[in-house]
Each structure stands twice: as structure tokens, then as C-alpha cells.
Amino acid sequence: MSSENAKTVKPAVTLRPITDENREAVLALSVREDQPFVASNDVSLRQADEANAENPGTARPFAIYAGEKLVGFCMFSFDPEDEDEEDRYWLWRFMIDKNEQGKGYGQAALAEIIKYFRQNGADRLYLSTEPENELGLHVYHKAGFHETGVISFDEAVLMRMLKGPNKTIRAFYGVDVDGPLRIRGRKGYGVSVAASAEDGEISTYCSGSGRFGEDLPVNPDMLFQAGSVSKPMFALTLLRYADKGLIDLDADISGVVPEFVKKGPVTFAALLSHTAGYNVHGFPGYRADHAPLTLEDVLSGKGNTPKLRRIKPYGKQHMYSGGGITLAELAFTRITGTTLRDAFQKEVAEPLELKHTGYFQPLDEELVGNAAFGGRLGLKEDPAHGYHYYPEHAAAGLWATPSDLVKVGLALSKSYREGGFLRKETAERMLTPVMDSYGLCVTNLRGDIGEHGGWNEGFITEWIFSLRYDLCVASMFNHATDELDWKQTEVAIKLFQDGEEYLFGDPDRTEWEAYCGRYEQNIEDFRLDEIYMEDDDLYARILTDDGEKQYKLYPIGERTFGREGGFAKLVFGENSLEIDGVICKKL
């Protein structure tokens, strides 16, 4: 056979350790100018040295050779002892030199990388890259990697199973989101979740479709209706005006809205805390193409809800009232001379750099393209506008993304602790319960957690943030049922409590044995039978009408614990246990 017809044999691609002999050559490798997604090899090797100084052998850099020619560089994060399965095996860096691209070395190198991890006991392999890195994503997809739905530090996380079927494990910080919410396929319902638990960085998880029946994957910037989470965002806006001395929370505003308040007093504080005694719990919304309604129309009963009336004594009880919030919005707009949409944009969205959140009622047409549809409204009512119109902006009219809600939660938490976005005293007032654990449009759970949920037609939202840490979780879902509302809340609580446990750090368990034993049952809805330890963790056995239940306890402070799945606060003393302020003696 002539040499002209001989098949060219490609040189074998191999991984070789970085040595003094090849280090300078590795540093000289680079990608094209239109590939800004890869850190320089100098930075990577420096990070490897730092990581190995702290945990030897964790960072594993390699030179990529084709035969005897250096063509690329890769670096692994390899820590099989890490408790989190998602953090054990990562392709940390990967690049092929600009002069060697397009020759098949990338796929060959990835095959060797996968082989290395398999041979060293890994069952899965993760990597991350910018969502805009289309060429990189193409290369990774071809090698069997798939998106997990997570975006962390602005990079999309991909994974490949190395043992058994290459089925992507979709989880967010180890928490299954799709299962409880029944996210199935590319044309069902969809969920968007965001969380922050470290250095203010916000990670996101998206799964499913933003519109039932369409192949429209949820993305982190997709708009969802926030339902009643609109209320705390209105309260924040109003409190920004209060901090400037332009709004008085305790002034009688009955003269501002005399047609709806026949007998005063009524204050913003009473309306925001739902203690003013007004009717109209919530609002069902209207078809997207409904004629515009004013706040006066809504409060006068000209829409699909009753006329606003005071039906309970003023200041004597907590009675949730979207109607009362709408009255507060009307008074706010009359006092300030501005709309809530404009006020929120100026006082909240711009300072906090919220890019996709506002009181868009009706939704601007240019925003519809990346807006989720609620439930099956796109099939039942309007194929082009599958959501309801809410003229009650403060009560139910917010469109948002979970990432933006997390930014607000972090800002409010910091304000509560040290001031900032709000004055410290203002944030404390907002988050201090007036009645039934409810402050000014925020629920205070356990004394150190802020929370609010939301439900619009076809949409549910859960928003929860810590008052002790920079920790917030927000979840938005386009399928609203009672069961799924609770399931979404459970997912958000799990993510939040895992974040609390992580931020607390490694606890000292030496005293935990002393907490074990039986205690008095002094609390009707928390009948504690026993505190015990199992596998170095602390548990509470609770007696319920359905039998015994076991709950893991996790540390949140000195001798202080939270309960997984709920918000009981347990403080251990000398032969006693305080549960939500009630003392139970040890038996």
C-alpha cells in the first residue's frame, strides 16, 4: 500500500503529571481570544498549590499530551472523603491550546479523564462552565455530560455518571426538588429555586417547563408571579419612605382614603400587620386581557371581590386581609404621588440591583417571552398570555425571579442585624411580631427567621431567610395545589435548614449525651417523649395522634437546636429543656 493511501494514525492522548520539566510549557498554553471562559493555567496551578497546602492531594493538575506533543491542560478536584457526594469528583479545569483545537484532542482527553476517575473509584463526575460557553457545552455534551439544572457562581453545573446508566442526578445542594414537585419531562410544569449560604453568592436550580404543554425550559431569569410575597416587597418600599421621614407608620391615614374608612383610626402599621379588621382575604385575578381596574375599583367591589369593609374590631386580632393591603397601597400612592411600580423600582429594585422583578401589571409585552405561565391557563384561557392580571399590585401583583427574592432577603437580614438597606430599627420593627408571629408583612418564625409564602392562580412561592446569617432560599413554581404548596415549602425548609447547619460549622458533641433522656410533656402540640442520640446525631421522639415520630435536631447556637422539617427551638439547660419558651423539666 502506498504511503499516500495509508491511514493516518493519530497519536495517543495521555495525561501526565505537571513537573519542573513541563511546567513552563503548560503555562505557555492558551485558548483563543473568543474563548474567555477558561482561567489561565497560571491561575489554575496557583489554586492547585493553595488547595493542596490545605488538603494534600485534593487538586490534581495534569498536562495533556498527544504522543510527545503538549496540547492541553486539565485539573481535577478529587476528595472521596467529602461528606457531600456532589463535591467529591470534579473536572476543575480543562483546556486545549488554541493551536491544537479542532483535531479531536478534546474528546480524546475527556475519554482519558473519565477513565482516570473510573479507575480511581469515582461513580460520577461533575464540571461547570458559563451557560454562554456554547462550544464548551457542545464538547461536554458529546462526552456524555448533561446539565443538572444548577447554576453556581454563575456557571452551569454538568455531570456524567461513571457507573451504571448515565442518568443525570438532579438535585440542589443534595436536596431532591423534582421528585416532591412531580417535575416530569420537558413539557410539564417547572420550578425555579435560588439559595445563598456563602459569601453572598447566589446559586440557582431550574427544572421543567415554564409553560405546561410547551418545551420551554425554566431558566434563572424567567419571571414567575410571586403571589402574596408581593406584600413584603410593598412593605419594604413603604418602609424606605418611612426611613426618609416621608411616611409615618403610626399616623391615622383615614383622611387620606375617606371613602373607604368611615371611622378611624387606621394606620399603615395596622394594615401591614393585618390587625385592622378588614375583609377580603385574597384575590383570584382576572384574565390577562381584562380591562384595567383601578385600586378604587377593587376596593369598591367593582371587580370580582367584595367591597372592602371593616368586619372585626380594630387592633384586636390578626386577620389576614389582602383588601387591607390594597387600602394601604391606595393611601401610599396618594401620599407619595407615585405608583407602587415606580416607587418599588426606585427604592428597592435599583439599589439592590434586581434585574427581573417589579409590579408589572399588566405584564409588559416585551417581558412575556421569558415569563412562566400559571398552571394550565395558557391552555384554558389565553395561549399567548397564560397568567392572570392583578390590579391589586401590593397584595398580589409582583413578578419576580427567585434570585432577586434572595437578594431582598439578604438585604433585609443584614438590615435587621446591623442596618443598611433599611435602618436597623425599621427592620427590627418590620420583623417583630405584632400578633400571631406576624410583623409588618413578614412572619417571624422561631424568633430568628423571616418567611412569607405566595399563591396566585397557577403559581406558588416560598421565601425564607435567616436573621442571624446571610442565608436565604426562594422557590417559585407554576403549578398550584394544596399538596404541592406544602411540598414546595418542605423543599425550601430543607434547603434552608441544611444551610443553617452548614453555616453553624462542626459542633462540639461532647455535651450532647447529657441532653438525652425523658422530659415533661408541657406543650400540647409538641409532646416530647425522649431526646436520644443515634450515629452521633441528636434526635427528638415526639408523640402524635398518629403515633411516634422522630426528628433530627441540629445545632443553631450554644446549647440551642432547631428541628428538621419544622421551626421548634430547643434550648437545653441544667436538667431542663426550653421549647419555644416553655420549660420542660428532665425526668
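A residue is called buried here when its relative accessible area is under 20%, exposed when it is over 50%, and partly exposed in between, using a 1.4 Å probe and protein chains only. The model is a predicted one, in which local features need pLDDT of at least 70 and side-chain atom pairs count only at pLDDT 80 or more, while totals for chains, interfaces and linings use all residues. Numbering starts from 1 along each chain as its sequence is written, and side-chain values rest on heavy atoms, with hydrogens and water left out.

Helix α10 is a handy place to start. Helices are DSSP runs of H or I with at least four residues, strands are runs of E with at least two, and both are numbered from the N terminus. α10 takes in residues 340-352, 13 residues in total, and spans 17 Å from first C-alpha to last, close to the 18 Å expected at 1.5 Å a residue; that expected span is 1.5 Å times one less than the number of residues. There is still a kink in α10, about 35 degrees and centred on K346, with the bend at a residue taken as the angle between axes fitted to the seven residues ending there and the seven starting there. Buried residues in α10 are L340, A343, F344, E347, V348, A349 and L352. An α-helix has 3.6 residues a turn, so residues three or four places apart point the same way. The buried residues of α10 pack against α6 (230-243), α9 (322-336), α12 (393-396) and α13 (402-418), contact meaning heavy atoms within 4.5 Å. Right after α10 comes E353, with a positive phi near 55 degrees.

Two single residues are worth a look next. R23 sits in helix α1 (residues 23-27) and counts as partly exposed because its relative accessibility is 29%. Setting aside neighbours within four places in sequence, R23 touches I18, L45 and D49. R23 and F62 are 39 residues apart in sequence, with 10.0 Å between their C-alpha atoms. T148, by contrast, belongs to strand β6 (residues 146-152) and is buried, since its relative accessible area is just 3%. Beyond residues up to four places away in sequence, T148 is in contact with Y126, V157, L158, M159, T168, I169, R170 and Y205.

Then there is the empty space. On a 1 Å grid over the protein atoms alone, a cavity is a set of points where a 1.4 Å probe fits but cannot get out; a pocket is an open set with protein on both sides within 12 Å along at least five of seven lines, and lining residues have an atom within 4 Å of a point. Points are joined across faces, edges and corners, and a volume is the space filled by probe spheres set on them. The second largest pocket has a volume of about 1,000 Å³. Its lining has 35 residues, of which I151, T204, C206, N219 and P220 are the closest to the centre. β6, β7 (155-161), β9 (201-208) and α13 each supply at least two lining residues, and β9 gives the most, with 6.

As for cavities, there are 2 of 30 Å³ or more. The largest has a volume of about 50 Å³, and its lining includes A270, H274, Y278 and M319. The second largest holds about 30 Å³, with V280, F283, K307 and L308 among its lining residues.
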